[in-house]
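User: Can you walk me through this protein model? I'm new to this, so keep it simple.

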Amino acid sequence: MDFTLSEEQLMIQQAARDFAQNELLPGVIERDDAQRFPTEEVKKMGDLGFLGMMVDPKYGGSGLDTMSYVIAMEELSKVDASSSVVVSVNNSLVCWGLETFGNEAQKEKYLTPLATGEMIGAFCLSEPEAGSDATSQKTTAIDKGDHYVLNGTKNWITNGNSAGVHLVIAQTDVEKGHKGINALIVEKGTPGFEIGPKENKLGIRGSDTHSLLFNDVKVPKENRIGEDGFGFKFAMKTLAGGRIGIAAQALGIAAGAYELARKYAKERKAFGTEIANHQAIAFKLADMHTQIAAARHLVYKAAWDKDQGNNYDLSGAMAKLYASQVAMETTVEAVQVHGGNGFVKDYHVERLMRDAKITQIYEGTSEIQKIVISRSILHN
């Protein structure tokens, strides 16, 4: 196995690191406090190609591999997970889903502006009573011949208010169960489509998370992705790749917290020496470093599987499960290493700790990942 990054991947890593330090870091605490969406920063990420990294250049994308994408996600997430989740959703869920399963007309109309950052997208699956149980869709898309009439509510939608394009999963035929679900492209501003209030969240507070309300929204038939009844399969296949992006985000949050803790431990003095010289702190850093390295290998393996055309359901679920666990444990320990300062916003680690928690929840909870893993190892 060769874990050496190519020259191009190293350049992408450096570009993402520089952008995170120079563009994201200066205002990250203020955006978190104010729950302000990083509008200007997202525009700049679009200009640099971070919003369509894996999209074919003929649609305005960068044409890069999944490995390059997760490398960039890690570097951005070390500093600002609220910005990196925009990159993750736009790349993994929206652009990838459209490019892989959309028709040519849909790609030309929607994929190009999404890949270039002219607009961003949202993936709308979760509902008040259908989070982990994605088969229980209460949002309906009734077939009216040349269009669907969409009714229902979607919850916890990342980019909910900022997105120009929403991929909405809805039930067309209840009798068919999950085989009667469709995926529809819904544009912001369509009559009857309302944006609900912004959620007041524990972490990723700069990300705009909203409920979406659909009241007799007319969606043209040509906005359906794939054949009739393909919606549930579309959602599951898309989420499988999305988990790799969130695993990379979790990895970045952990790595960012570790780097801050190590730096602080080498500067802060107690009992006549830097605290890094005390075994209690040195061993914490050793555990962090080891766990992050293990998480990184799992994330890289999942990205490699996707790039090789292998089935990545298992490797993606393992990467997300473990990386999110490491993110939570590492950020808690980073706060501990900082002592009282760890509880203060200026030192960043308390924000990283708050941001880490969501990686165990969205795009499939840790419990759902264990279901995916156990099914794979027991039934194959």
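**Cysteines, rings and surface**

Analyst: Let's start with cysteines. The structure holds zero disulfides. Keep in mind that this is a predicted model.

User: What is a disulfide, again?

Analyst: A disulfide is a covalent bond between the sulfur atoms of two cysteines.

User: OK. How far is C95 from the nearest cysteine sulfur?

Analyst: The nearest cysteine sulfur belongs to C124, and it is 14 Å away. C95 is in no disulfide.

User: And why is there no bond for C124?

Analyst: Its closest cysteine sulfur is in C95, at 14 Å, and that is too far for a bond. A disulfide needs the two sulfur atoms within 2.5 Å.

User: Are these two cysteines buried or exposed?

Analyst: C95 is buried, with a relative accessible area of 0%. C124 is buried as well, at 0% relative accessibility. The cut-off for buried is under 20%.

User: New topic. How many aromatic pairs are there?

Analyst: The count comes to eight aromatic pairs. One of them joins F193 and F214. Their ring centres are 4.8 Å apart and their planes meet at 25°, so this pair is stacked.

User: Where do F193 and F214 sit?

Analyst: F193 lies in strand β6, residues 193-198, and F214 lies in strand β7. The two parts are 21 residues apart in sequence, so the pair ties them together. Both F193 and F214 are buried.

User: What about F230 and F234, how are their rings arranged?

Analyst: That pair is tilted, because the planes are at 55° and stacking needs an angle under 30 degrees. The ring centres of F230 and F234 are 6.5 Å apart. F234 is buried, with 0% relative accessible area.

User: Which residues are in the cluster with F230 and F234?

Analyst: Ring pairs link W96, F101, F123, F230 and F234 into a cluster.

User: What sits over the ring of Y148?

Analyst: The charged end of K221 does. It is 5.3 Å from the centre of the Y148 ring.

User: Now the backbone. What is special about phi of W156?

Analyst: Phi of W156 is near 55°, a positive value in a residue other than glycine. Most residues other than glycine have a negative phi.

User: Where is W156, and how accessible is it?

Analyst: W156 is in strand β3, residues 147-158. W156 is partly exposed, with a relative accessible area of 46%.

User: And what is phi of D216?

Analyst: Phi of D216 is near 55°, again a positive value in a residue other than glycine. D216 is in strand β7, residues 209-220. At 53% relative accessibility, D216 counts as exposed. The cut-off for exposed is over 50%.

User: Let's go to the surface. Which residues make the nonpolar patch?

Analyst: F343, V344 and Y347 make a nonpolar surface patch of about 320 Å². Y347 is in the loop between α9 (313-338) and α10 (349-358). Y347 is partly exposed, with a relative accessible area of 33%.

User: Last one. How far apart are D80 and G206?

Analyst: In sequence they are 126 residues apart. In space, D80 and G206 are 8.8 Å apart, C-alpha to C-alpha.

User: Where is D80, and is it buried or exposed?

Analyst: D80 is in the loop between α4 (66-77) and α5 (81-101). At 3% relative accessibility, D80 counts as buried.

Definitions and conventions
Residues numbered from 1 in each chain as written. Predicted model: local features only at pLDDT ≥ 70, side-chain atom pairs only at ≥ 80, totals over all residues. Heavy atoms only, no water. Patch = residues over 30% accessible without salt bridge, like charges linked within 9 Å, V, L, I, M, F, W, Y side chains within 5 Å. Areas by Shrake-Rupley, 256 points an atom, 1.4 Å probe, with all protein chains shown as cover. Salt bridge = Lys/Arg side-chain N within 4 Å of Asp/Glu carboxyl O. Helix = DSSP H or I, 4+ residues; strand = E, 2+ residues; numbered from the N terminus. Buried < 20%, exposed > 50% of the residue type's maximum accessible area, 1.4 Å probe, protein only. Phe/Tyr/Trp six-rings, centres within 6.5 Å; stacked < 30°, edge-to-face > 60°. Lys NZ or Arg CZ within 6 Å of the ring centre and 35° of its normal.
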